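Let us walk through this model from its overall make-up down to single residues. Keep the 3D view open and follow each element as it comes up.

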Amino acid sequence: MERSNMNTVATEERPALACRSVTKAFGGRAVLKGVDLNLPQGRILGLLGKNGTGKSTLISALAGLEEPDSGTISVGGHDPYRTPSRVFGRIVGLAPQDLGIYPNLTVRDNLRGFGGIQGLSMRQARSRADELIELMGLRPQAATRARDLSGGQKRRLHTAIALVHRPRVLFLDEPTVGADVEARTGILAMVRTMAEQGASIIYTTHYLQEIEHLDAALAFLVDGRISVQGPLDEVVRLYAKASLRVGFVGRPPSHVEGWRMVDGHLEPDHPVSNPEREIAELFRRPSMQDASVNDITVIQPDIESAYRTIMGMDTDDMRQSGTGNGED
Ligand SMILES: Nc1ncnc2c1ncn2[C@@H]1O[C@H](COP(=O)(O)OP(=O)(O)OP(=O)(O)O)[C@@H](O)[C@H]1O
């Protein structure tokens, strides 16, 4: 797949979700400027973008909550704004960023209650609640009131509620924010299971490692449009760059042409295709003769590097935003 046609995921399947030329402005400020997106059935799509680029706005538009100003949306073959909400609500599941749980009900009763709201019989709701409690690792908390759960446990319950009715299309907006390692592992396992069972999932996150874990396809929202969409390995192949960091004992060399100092480390100021050759050439420089090297790090061409390229960020921007290392 070449860069020119990266904007569509190649698939022969009928997409579970498709939108074309979706626009949305708030108070005259355009947030979505013509979004095109395809989500094949049974696939996970990681929707990535900087803070405030409109990922949640797009999810709200796709999930039928906030009608776009223009454009077309089809979810499970339905237009969200021309389909009775009772029908559309059965097709989609949504876990927005803000928690939506009943604080006075137990974990089990939250799940049973939402199951009932979504049209499950009492028996189905009981059995589905038990299944999700197991899947999310919430068995010890099954009889705990939601308000007494930890933040990560609340997040797990909130996510489980979105899938109680086994929706065909699932929107998960930063489901692992505030989740500890155990909660995060539970949520990711559950997302994979849902996809294996045929659900199509749009998943937003600022933790890029999660996208690798989910083996999700990627869509990058940049300046109101999807700038790149494609499978993870293709995105990495086309956009990721290797790099190097060289640390010193004592004073680093004052100037090395083609390299720059970042946080006391020397980094190439250009894309690196062959790290070993770059290092060999660096050590031949006269300015390196008096320097004492402490460590050399080869930065692999990975999703973080691809993100940096697509977002037009350099290493310094990346450190400031915290994106990519899961620390934001
Ligand atoms: N109802 C609204 N009224 C006015 N402005 C809004 C509304 N909803 C969103 N916005 C604005 O639209 C822009 C995009 O917000 P959105 O929450 O969609 O971004 P995001 O990509 O999900 O951000 P983050 O990664 O921080 O969650 C922001 O500038 C936000 O302030």
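**From the whole chain to one helix contact**

Of the 328 residues in the protein, 41% are buried. The model is predicted. Its secondary structure consists of eleven helices and 13 strands. The C-alpha trace spans about 80 × 45 × 40 Å along its principal axes. Now take the contacts with a separation of 6 or more. In this set, 69% join residues 24 or more positions apart.

Start with the sheet of three strands. This sheet is open, its order is 2-1-4, and its pairing is antiparallel. Strand 2 (29-40) and strand 4 (70-75) are the edge strands, each pairing on one side only. From one strand to the next, the twist averages 15°. Look at strand 1, residues 15-26, beside strand 4. These two pair in the antiparallel sense over five bridges. Within strand 4, Ser70 is the residue that stands opposite Thr23. A helix belongs to this picture too. Helix 1 (residues 55-62) lies across strand 1, strand 2 and strand 4. Its direction is at about 120° to strand 1.

Leu62 falls within the residue range of helix 1. What is Leu62 in contact with, leaving aside its neighbours within four places in sequence? The partners are Leu17, Cys19, Ile73, Val75, Phe171 and Ile202. Leu62 also stands out in the largest nonpolar core. That core has 76 residues. Leu45, Leu62, Val191, Ile201 and Tyr203 touch the most other members. Helix 6 (residues 181-196) gives the most to this core, with seven residues.

Next comes the sheet of six strands. Here the order is 5-6-7-3-8-9, the sheet is open, and the pairing is mixed. The edge strands are strand 5 (92-95) and strand 9 (225-230), and each pairs on one side only. The twist averages 15° from one strand to the next. Helix 5 (residues 151-162) packs on this sheet, where it touches strand 5 and strand 6 (169-173). The direction of helix 5 makes about 165° with that of strand 5.

Now focus on strand 3, which sits between strand 7 and strand 8 in the sheet order. Strand 3 (residues 44-48) pairs with strand 7 (residues 200-204) in the parallel sense, over four bridges. In that pairing, Leu45 stands opposite Ile202 in strand 7. Strand 8 (residues 217-222) also runs parallel to strand 3, and four bridges join the two. There, Gly46 stands opposite Leu218 in strand 8.

Why is strand 3 described as largely enclosed by the rest of the structure? Five of its five residues are buried, so the surrounding structure largely encloses this strand. In a regular strand the side chains alternate between the two faces of the sheet. In strand 3 both faces are covered. Ile44, Gly46 and Leu48 are buried on one side, and Leu45 and Leu47 are buried on the other.

Move on to a pair of helices. Helix 8 (residues 232-239) and helix 10 (residues 303-311) have axes that come within 9 Å. These axes cross at roughly 60°. The crossing of helix 8 past helix 10 is left-handed. Which residues meet there? Helix 8 brings Leu232, Val235, Val236 and Tyr239. Helix 10 brings Ile303, Ala306, Thr309 and Ile310. Seven residues of this contact are nonpolar, one is polar and none is charged.

Finish with Ile310, whose place is in helix 10. Is Ile310 buried or partly exposed? A residue counts as buried if 20 or more other C-beta atoms lie within 10 Å of its own. Ile310 has 19 other C-beta atoms within 10 Å, so this residue is partly exposed. Leaving aside neighbours within four places in sequence, Ile310 is in contact with Phe220, Val222, Ser227, Val228 and Tyr239. Compare its position with that of Tyr203. Ile310 and Tyr203 are 107 residues apart in sequence. In space, C-alpha to C-alpha, Ile310 and Tyr203 are 19 Å apart.

Definitions and conventions
Residues are numbered from 1 along each chain as its sequence is written. This is a predicted model: local features need pLDDT of at least 70, side-chain atom pairs count only at pLDDT 80 or more; totals for chains, interfaces and linings use all residues. Axes are lines fitted to C-alpha atoms, for helices over the stretch in contact, and angles run from 0 to 180 degrees between N-to-C directions. A crossing is left-handed if the near helix is turned anticlockwise from the far one by less than a right angle, and right-handed if clockwise. Two residues are in contact if their C-beta atoms, placed from the backbone, lie within 7 Å. Ala, Val, Leu, Ile, Met, Phe, Trp, Tyr, Cys and Pro count as nonpolar, Asp, Glu, Lys and Arg as charged, and the others, Gly among them, as polar. A nonpolar core is a set of buried Ala, Val, Leu, Ile, Met, Phe, Trp, Tyr and Cys residues joined through C-beta atoms within 7 Å. A residue is buried if 20 or more other C-beta atoms lie within 10 Å of its own, exposed if 12 or fewer, and partly exposed in between; C-beta atoms are placed from the backbone. Two strands pair if DSSP finds at least two bridges between them.
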